[in-house]
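I am opening my notebook beside the sequence and the structure, and I will write down each thing I look up in turn. I begin with one residue and work outwards from there.

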Amino acid sequence: MALRHAVLAALLDGECSGYQLAKAFDVGVANFWYALPQQLYAELTKLEKDGLVAGRQVVQETRPNKRLFRVTDAGLAELEKFAASVSKPSFIRDDLLVKVQAADRIGTAPVIEQLEERASAAEARIELFGKLLRQMRGDADEEEFLRRGERIGPYLTCLRGLAFEQGNRDWCLRISTVLRERLTTHEQR
């Protein structure tokens with residue numbers, strides 16, 4: 001997947017500025033695609049040049065002017081083509097796992113600390129995803145929303161982000177406990 005497809009998908013809900021797009025990436029899209037704001041602005045420029053998004057200038061009296069972008073028919077066709085293509089399998093690439101891999105031969109205290117920090121960060125994202133999910137479904141319960149909700153794509157990706165973070169938290173807590181117990185056992189010898 002290219003950043004262009006993630007940007008096009010994020011623009012499906014309507015016009016937004018580069019700033020709004022960056023906020024959307026920071027909150028919702030980041031659970032499956034990370035991009036820096038400057039990458040997003042550069043991608044919007046490319047997408048507009050390629051005719052996949054259209055931008056328009058909005059004059060503001062008390063603030064600098066801004067540009068709003070929307071997906072064009074060509075952009076929607078590009079997303080449909082992308083959706084029909086075969087997806088590559090995902091993989092894990094994580095420096096913390098390298099540290100855990102080496103835990104038998106290195107000092108584990110810093111690794112335990114990093115695992116616990118990662119678990120805390122995952123817990124914060126779990127809370128954020130829970131809040132986002134509740135906002136998206138409004139008064140409907142989850143099953144009702146999944147059956148009849150108007151736009152469930154963002155909800156479904158948020159569910160995946162939630163499951164990912166729950167798995168991260170649970171794994172980090174388990175491994176930090178294992179390493180802490182082993183550390184305690186070795187210290188008692």
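In which strand is the place of Phe-69? Before I answer, I note that I am reading a predicted model. I find Phe-69 in strand E3.

**Entry on Phe-69.** I looked up how covered this residue is, and Phe-69 counts as buried because its relative accessibility is 7%, where buried means under 20%. I then listed what Phe-69 touches, setting aside residues up to four places away in sequence, and found Leu-11, Gly-14, Glu-15, Cys-16, Gly-18, Leu-44, Glu-48, Val-53, Ala-54 and Gly-55. One of these, Gly-55, stands opposite Phe-69 in E3, and I noted that the two are 14 residues apart in sequence but 4.3 Å apart in space, C-alpha to C-alpha. Another of the residues touched, Cys-16, has Phe-69 as its bridge partner in E3.

**Entry on the sheet.** What is the order of the strands in the open sheet? I read the order as E1-E3-E2, three strands with antiparallel pairing. Strand E1 (16–17) and strand E2 (53–58) stand at the edges with a single partner strand each, so one side of each has no neighbour in the sheet. I looked up the two pairings separately: E1 is joined to strand E3 (residues 66–71) by two bridges, the two strands running antiparallel, while E2 and E3 pair over six bridges, also in the antiparallel sense. For the side chains I kept a general point in mind, that in a regular strand they alternate between the two faces of the sheet.

**Entry on Ser-17.** Staying with strand E1, I looked at Ser-17, which is found there. Is Ser-17 buried or exposed? I have Ser-17 down as buried, with a relative accessible area of 6%. Leaving aside neighbours within four places in sequence, Ser-17 is in contact with Lys-66, Arg-67 and Leu-68.

**Entry on H3 and H1.** Next I asked what lies across the sheet, and I found that H3 lies across E2 and E3, running at about 110 degrees to E2. At what angle do the axes of helix H1 and helix H3 cross? The axes of helix H1 (residues 3–10) and helix H3 (residues 37–49) come within 10 Å and cross at roughly 85 degrees, which makes H1 roughly perpendicular to H3. Looking at the residues that meet there, I listed Leu-3, Arg-4, Val-7 and Leu-8 in H1 against Gln-39, Leu-40, Glu-43, Leu-44 and Leu-47 in H3. I sorted the residues of this contact of H1 with H3 into six nonpolar, one polar and two charged.

I then looked at how covered H1 is, and six of its eight residues are buried, so I describe this helix as mostly covered. The buried ones in H1 are Leu-3, His-5, Ala-6, Val-7, Leu-8 and Ala-10. I singled out His-5, which is found in helix H1 and counts as buried at 10% relative accessibility. Not counting residues up to four places away in sequence, His-5 touches Glu-78, Leu-79 and Phe-82.

**Entry on Leu-36.** I looked next at a loop residue, Leu-36, which is found between helix H2 (18–27) and H3. Leu-36 is partly exposed, with a relative accessible area of 34%. I also looked up its separation from Phe-25: the two are eleven residues apart in sequence and 8.8 Å apart in space, C-alpha to C-alpha.

**Entry on the aromatic pair.** How many aromatic pairs does the count come to? The count comes to one aromatic pair. Phe-145 and Tyr-155 form it, with 4.8 Å from centre to centre and 50 degrees between the planes, and the pair is tilted. I placed Phe-145 in helix H7 (residues 142–148) and Tyr-155 in helix H8 (residues 153–188), so the pair ties together parts that are ten residues apart in sequence. Lastly I checked how covered both members are: Phe-145 counts as buried at 10% relative accessibility, and Tyr-155 is buried with a relative accessible area of 0%.

Conventions
Residues numbered from 1 in each chain as written. Predicted model: local features only at pLDDT ≥ 70, side-chain atom pairs only at ≥ 80, totals over all residues. Heavy atoms only, no water. Phe/Tyr/Trp six-rings, centres within 6.5 Å; stacked < 30°, edge-to-face > 60°. Helix = DSSP H or I, 4+ residues; strand = E, 2+ residues; numbered from the N terminus. Buried < 20%, exposed > 50% of the residue type's maximum accessible area, 1.4 Å probe, protein only. Axes fitted to C-alpha atoms, helices over the stretch in contact; angles between N-to-C directions. Parallel < 35°, antiparallel > 145°, perpendicular 65-115°, else oblique. Contact = heavy atoms within 4.5 Å. Nonpolar A, V, L, I, M, F, W, Y, C, P; charged D, E, K, R; others polar. Pairing = 2+ DSSP bridges.
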